[in-house]
Amino acid sequence: MLDVTTLSSPGEVSLFSLFLQAHIVVKLVVLGLIAASIWTWAIIFEKTVAYRRTRSQMDRFEKVFWSGHSLEELHRSLAARSNATMEALFVAAMREWKRSHETGAMSMMGLQSRVEKVMDVTIARESARLESRLLFLATVGSAAPFIGLFGTVWGIMTSFQAIAASESTNLAVVAPGIAEALFATALGLLAAIPAVIAYNKLSSDVSKIIMRLEGFADEFSAILSRQLEERS
């Protein structure tokens, strides 16, 4: 077994030596919290980059859409590749529009209803994609302090066991258990605080993106409705 006294000089207690001296239960708690914290930061980084890229794609698409481009040409240029957010919404609505044309199902109310339904489904699908893994941040934010608290309770129990075994309340007897307890608490908060802040920020970003999608869907639906009236 590794001698922890070789890892830190007398009077100094490093985090690594605290971990090595901790009870196996506290070690598992610490490892779980560290893994959760690493995964949390990976999600934060991935979502931040993805949302920024999504906003840029939507800006570019809106610029092209409102530039007066033919809807048919724009659809042909986008239909051949995979699309997301606003482009996916546009392609789905145009596909339904063209399919109705091809089958002769051009009842104004029926076509309007089908196009709106298709856009609602696309928005729901994009919303689910954008919100994926955010639930993990919410779970870490709410559960990590309690997991840390569990390690804290176990550390305090270790201190009481040490007092009972040595029949002494000397600080040297209780300090390791208390240090374990505080270490687990700190890790729990270290995992939870960034997760809560990131969840709130990223959820707000998703809401803004979905609002833009819904606004575009309303505007595009009005354009299609106007074209349908002009043809009838």
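At 25% relative accessibility, W154 counts as partly exposed, because buried would need under 20% and exposed over 50%. That is a handy residue to start from in this predicted model. W154 is found in helix α6, and, leaving out residues up to four places away in sequence, W154 touches H23, V25 and V26. The pairing with V25 spans a good stretch of sequence: the two residues are 129 apart along the chain, yet their C-alpha atoms are separated by 7.6 Å.

**Annotated segments**

What does the UniProt record say about this chain? In an unreviewed entry, UniProt places the feature "transmembrane region" at residues 20-45, 134-157 and 177-199. The record also lists "domain: MotA/TolQ/ExbB proton channel", again from an unreviewed entry, for residues 108-214. Here is how three of these annotated stretches look in the model.

| Residues | Helix | Strand | Distance between end C-alpha atoms |
|---|---|---|---|
| 134-157 | 100% | 0% | 35 Å |
| 177-199 | 100% | 0% | 33 Å |
| 108-214 | 94% | 0% | 21 Å |

**The nonpolar cores**

Let us turn to the interior. The largest nonpolar core has 36 residues, and the members that touch the most others are Y51, F61, F65, F90, F216 and F220. Six helices each supply at least two residues of this core: α2 (24-65), α3 (71-79), α4 (85-103), α5 (108-131), α6 (134-166) and α7 (171-231). The largest share, 12 residues, comes from α7.

Which residues does F220 touch, not counting those up to four places away in sequence? They are F65, L71, F90, A93, M94 and M119. There is also a second, separate core of 16 residues, with V29, V30, L187 and A192 among them.

**Where α2 meets α3**

Two helices that supply the largest core also pack against each other. The angle between α2 and α3 is about 145°, and their axes lie 11 Å apart. On the α2 side the contact is made by F61, V64 and F65, which meet L71, L74 and L78 in α3. By class, this contact has six nonpolar, no polar and no charged residues.

**Helix α4 and T85**

For a quick geometry check, take α4. Its 19 residues, at 1.5 Å a residue, should span 27 Å, and the end C-alpha atoms are indeed 27 Å apart, so the two values agree. Following α4 comes G104, whose phi is positive, near 80°.

T85 is found in α4 and deserves a look of its own. Although T85 is not a glycine, its phi is positive, about 45°. Most residues other than glycine have a negative phi. Is T85 buried or exposed? With a relative accessible area of 2%, T85 is buried, because that value is under 20%. Setting aside neighbours within four places in sequence, T85 is in contact with T54, M58, E126, R129 and L213. Of these contacts, L213 is 128 residues from T85 along the chain, with 7.1 Å between the C-alpha atoms.

**Helix α5 and R133**

The length check can be repeated on α5. Its 24 residues should span 34 Å at 1.5 Å a residue, and its end C-alpha atoms are 34 Å apart, so expectation and model agree here too. Which residues of α5 are buried? The list reads L111, Q112, V115, M119, T122, I123, E126, S127 and L130. Two of those names have come up already: M119 is touched by F220, and E126 is in contact with T85.

Just after α5, R133 takes a positive phi of about 75°, although R133 is not a glycine. R133 is found in the loop between α5 and α6. Its relative accessible area is 39%, so R133 counts as partly exposed. T85 and R133 therefore make a nice pair to set side by side: T85 is buried at 2%, whereas R133 is partly exposed at 39%.

Terms used: Residues are numbered from 1 along each chain as its sequence is written. This is a predicted model: local features need pLDDT of at least 70, side-chain atom pairs count only at pLDDT 80 or more; totals for chains, interfaces and linings use all residues. Side-chain values use heavy atoms; hydrogens and water are left out. UniProt positions are given in the numbering used here, feature names are shortened, and annotations may be inferred rather than shown by experiment. Helices (H or I, at least four residues) and strands (E, at least two) are DSSP runs, numbered from the N terminus. A nonpolar core is a set of buried Ala, Val, Leu, Ile, Met, Phe, Trp, Tyr and Cys residues joined through side-chain atoms within 4.5 Å. Buried means under 20% relative accessible area, exposed over 50%, partly exposed in between (1.4 Å probe, protein chains only). Contact means heavy atoms within 4.5 Å. Axes are lines fitted to C-alpha atoms, for helices over the stretch in contact, and angles run from 0 to 180 degrees between N-to-C directions. Ala, Val, Leu, Ile, Met, Phe, Trp, Tyr, Cys and Pro count as nonpolar, Asp, Glu, Lys and Arg as charged, and the others, Gly among them, as polar. The expected span of a helix is 1.5 Å times one less than its number of residues.
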